[in-house]
Amino acid sequence: MKKETRSLLNIRAIAMAIEPVQKRDTSMVIEIIEFILAAESYGIESAFVREVYPLKDFTPLPGVPSFILGIVNVRGQILPVVDLKKFFNLPEKGLGELNKVIILRDEQMEFGILADEVIGTKVIYKEEVLSVPSTITGIGEKYLKGVTKDRLIILSAENLLSDKNMVVNEEVIQ
């Protein structure tokens, strides 16, 4: 190897070995699953996502709230699927090939949410998440964690999973 090439490689190796001066704390980041709902970009923390499943077949259920799309069979487990567009009163566009079910879970609850399209995973810094604008009231403010400067709406998985409206209880009248 030429002396010039070796010298250049050594300089590059030294430069790559130096840690960046402004390294951010990794405990201050959240990994999210980015998806589309009614032409808007949304994100939800991947820590609450079990998996993303293609919407192949679902079974509609009679007598449930309109925001319950139905149930799906995910490898033998029957899960309800919530249509957030109906839940949040967003414009609907119908179902297509790109629809996916994002399965959320915590210790108490597990269900799927319908996404028009899943973009992928993304790491964002918590400091980049702006608080919910004061103009948003009602159903929106309860389920929003914040918004990023590039208009990515971060949903609160904790609030969705703990919401009593997600539990459908039908009392049997005798």
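## Basis for strand pairing

Two strands are taken to pair if DSSP finds at least two bridges between them. The structure described here is a predicted model, and that criterion is applied to it below.

## Overall architecture

The chain contains four helices and ten strands. In sequence order, these elements follow the pattern α-β-β-β-β-β-α-β-β-β-α-β-β-α.

## Pairing around strand S6

Strand S6, which covers residues 100–105, pairs with strand S3, residues 49–54. The two run in the antiparallel sense and are linked over five bridges. Strand S6 also pairs with strand S7, residues 110–115, again in the antiparallel sense, here over six bridges. The connection from S6 to S7 is a hairpin of four residues.

Leu-104 illustrates how S6 takes part in both pairings. In the pairing with S3, Val-49 stands opposite Leu-104. In the pairing with S7, Leu-104 stands opposite Phe-111.

## Contacts along the chain

How many of the contacts between residues at least 6 apart in sequence join residues at least 24 apart? The share is 55% for this chain. The pairing of S3, residues 49–54, with S6, residues 100–105, brings together two segments from separate parts of the sequence.

## Burial and surface

The chain has 174 residues, of which 34% count as buried. The area exposed by the chain is about 11500 Å². Carbon and sulfur atoms supply 53% of that exposed area.

How values were computed:
Residues are numbered from 1 along each chain as its sequence is written. This is a predicted model: local features need pLDDT of at least 70, side-chain atom pairs count only at pLDDT 80 or more; totals for chains, interfaces and linings use all residues. Side-chain values use heavy atoms; hydrogens and water are left out. Buried means under 20% relative accessible area, exposed over 50%, partly exposed in between (1.4 Å probe, protein chains only). Contact means heavy atoms within 4.5 Å. Accessible areas come from the Shrake-Rupley method with a 1.4 Å probe; for residues, only the protein chains shown count as cover.
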